[in-house]
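Here are my notes for you to read alongside the picture. Keep the model open and follow the points one by one.

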Amino acid sequence: MIIKSAEFVKSAVKPSQYPTDNLPEIAFAGRSNVGKSSLINTLVNRKNLVKTSSTPGRTQLINFFNVNNLFSFVDLPGYGYARVPEAVRKEWGPMIEKYLSTRSTIRGVVLILDIRRKPTEVEVDFIQWLKQYAISPILVLTKIDKLSKTNQIKQHDLAAKGLGINPLDIILFSAKTRKGRDAVWDAIKKVMPS
Ligand code: GTP
Ligand code: MG
């Protein structure tokens, strides 16, 4: 994919604030601090289009980005970070759920997991839940640069088993080395209208 433009469009917490441009959308979901924003930056070849942070829970709104005036990338807030204020945390589930269940322009959801962590019930449930909406997620294990090759293979296997997914359908990725970038793009292109 040749990136001609990548721009922030707007932030939203509810449907009335979503963009009305009708572009096909790819959403990025995953646990807090897993590397969602970094993945988007890597895909569009930008260091800081999306703010990243070593403080988990930094992305608290649904952020829309326009890519090549062809489609939107949607950076969802991360789930599962306890240190976010309770009041904020309570809004997240419904906010994300509302987006995923009502937004008719969604073409794909990229679900990102840290390769070092075993998948939890949250990810398993999330995949099941997406099925209701006929969405099969693009699965990405990120931060692979943090593990030796041997441990990558081990964790890849564990993740596939834990999620009940064919290992070949899970992409290994690093925002640091950019490994896996093309594979993520290929998966995105597959779910895009041609
Ligand atoms: P929230 O918005 O808080 O949910 O986080 P996020 O999922 O958007 O994560 P973000 O992209 O902000 O990254 C979190 C931290 O992990 C940052 O310090 C990143 O630099 C780091 N990080 C992300 N991806 C990678 C990766 O592939 N390799 C390494 N080594 N670090 C990464
Ligand atoms: Mg983020």
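1. Which residue in strand 4 does Ile26 stand opposite? Ile26 faces Phe73 there. Those two strands, strand 2 (residues 25-30) and strand 4 (residues 71-75), run parallel and are joined by four bridges. Strands here are DSSP runs of E, at least two residues long, while helices are runs of H or I with at least four residues, and both are numbered from the N terminus.

2. Before going further, a word on the model: it is predicted, so local features need pLDDT of at least 70 and side-chain atom pairs count only at pLDDT 80 or more, while totals for chains, interfaces and linings use all residues. Residues are numbered from 1 along each chain as its sequence is written, chains are lettered from A and ligands numbered from 1 in the order in which they are written, and side-chain values use heavy atoms, leaving out hydrogens and water.

3. Now the whole sheet. It's open, with seven strands in the order 1-3-4-2-5-6-7 and mixed pairing (two strands pair if DSSP finds at least two bridges between them). Strand 1 (6-12) and strand 7 (170-172) are the edges, each pairing on one side only. From one strand to the next, the twist averages 25°.

4. Next, look at what packs on the sheet. Helix 1 (residues 36-43) lies across strand 2, strand 4 and strand 5 (106-114), at about 145° to strand 2. Helix 4 (residues 149-163) touches strand 5, strand 6 (138-142) and strand 7, and its direction makes about 155° with that of strand 7. Contact means heavy atoms within 4.5 Å; angles run from 0 to 180 degrees between N-to-C directions, with axes fitted to C-alpha atoms, for helices over the stretch in contact.

5. What about salt bridges (a side-chain nitrogen of Lys or Arg within 4 Å of a carboxyl oxygen of Asp or Glu)? A search of the whole structure turns up six. One of them links Glu25 to Arg103, with the closest N and O atoms 2.7 Å apart. Glu25 sits in strand 2 and Arg103 in the loop between helix 2 (86-102) and strand 5, so this pair ties together parts that are 78 residues apart in sequence.
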